[in-house]
Amino acid sequence: VMQIGHQGPGLDSEDTSRVAGASSMYVDPQSGELFVADGYRNHRVIVFDATTGEYKRMWGAYGNPPADEEMPEFDPTLAPPRQFSNPVHCVNITKDGEVFVCDRAHNRLQVFDKDGTFSREIFVAPQSAPGTTGSVAFWPDEEQSLLFSSDDANGKIHILQRSDGLEIGSFGRVGNLVGEFNNLHLIAIDSQGNIYTAETQGKRIQKFVNMGGL
């Protein structure tokens with residue numbers, strides 16, 4: 001077993017050897033690199049060689065160098081901050097190399113090239129209470145044409161067009177019954193289009209079977 005970095009004692013978004021509150025990881029099979037959403041205390045994506053653990057690069061929101069200044073409270077009437085807030089809650093990569101990063105506290109997904117070059121950002125339910133971008137998964141068609149974003153604040157999953165971020169549907173609500181979500185934390189989609197959800201307070205996993213509606 002190899003350890004890549006280790007959990008740091010506190011906040012330091014310039015530290016290249018340790019993470020602090022990492023929340024999500026993705027190993028890129030094309031480059032052999034480990035992308036880490038770091039995370040609950042730091043404000044960045046950091047990349048390591050998945051085999052050797054060697055530090056490769058890192059970036060903050062908009063591709064800026066990450067910094068540790070305190071971010072403002074969420075306010076949809078203000079311009080979004082130029083750094084990620086806590087937590088940077090997910091990182092996921094499409095087959096054609098787009099890196100999606102969840103800035104959960106500001107209801108946005110930011111999209112980058114693998115080298116950290118900023119491409120665009122997508123706001124999910126931007127007028128909602130914060131928490132609409134907990135994790136992101138891709139629909140398993142060839143183009144991965146749809147995004148699914150988990151919304152903790154409202155207990156639902158948003159379905160968006162990947163091309164322009166337009167929301168085309170959603171499902172779920174807050175609760176403990178089947179099909180409801182209590183602190184929806186993570187989602188995943190398999191190759192058949194079945195959706196899996198994980199709830200922190202609900203302490204359960206649910207599976208939603210693809211019935212061919214998409």
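**Exercise 1. Identify the surroundings of Glu 98 in this predicted model.**

Solution.

Step 1. The side chains of Glu 98 and Arg 120 are joined by a polar contact of 2.7 Å.

Step 2. A polar contact of 3.1 Å also links the side chain of Glu 98 to the side chain of Arg 162.

Step 3. Along the chain, Glu 98 lies in the loop between β5 (88-93) and β6 (99-103).

Step 4. When neighbours within four places in sequence are left aside, the residues in contact with Glu 98 are Asn 92, Ile 93, Val 111, Phe 112, Ser 119, Arg 120 and Arg 162.

**Exercise 2. Determine whether Glu 98 is buried or exposed.**

Solution.

Step 1. The relative accessible area of Glu 98 is 18%.

Step 2. A residue counts as buried under 20% relative accessible area.

Step 3. Glu 98 is therefore classed as buried, at 18%.

**Exercise 3. Describe the open sheet that contains β13, β14 and β15.**

Solution.

Step 1. This open sheet has three strands in the order β13-β14-β15, and their pairing is antiparallel.

Step 2. At the edges stand β13 (184-189) and β15 (204-208), each of which pairs on one side only.

Step 3. From one strand to the next, the twist averages 20 degrees.

**Exercise 4. State how many bridges join β14 to β15, and which residue of β15 stands opposite Ile 195.**

Solution.

Step 1. Strand β14 comprises residues 195-199.

Step 2. Five bridges connect β14 with β15, and the two strands run antiparallel.

Step 3. Opposite Ile 195 stands Phe 208 in β15.

Definitions and conventions
Residues numbered from 1 in each chain as written. Predicted model: local features only at pLDDT ≥ 70, side-chain atom pairs only at ≥ 80, totals over all residues. Heavy atoms only, no water. Pairing = 2+ DSSP bridges. Helix = DSSP H or I, 4+ residues; strand = E, 2+ residues; numbered from the N terminus. Axes fitted to C-alpha atoms, helices over the stretch in contact; angles between N-to-C directions. Buried < 20%, exposed > 50% of the residue type's maximum accessible area, 1.4 Å probe, protein only. Polar contact = N/O pair within 3.5 Å; in protein donor to acceptor, adjacent residues only side chain to side chain. Contact = heavy atoms within 4.5 Å.
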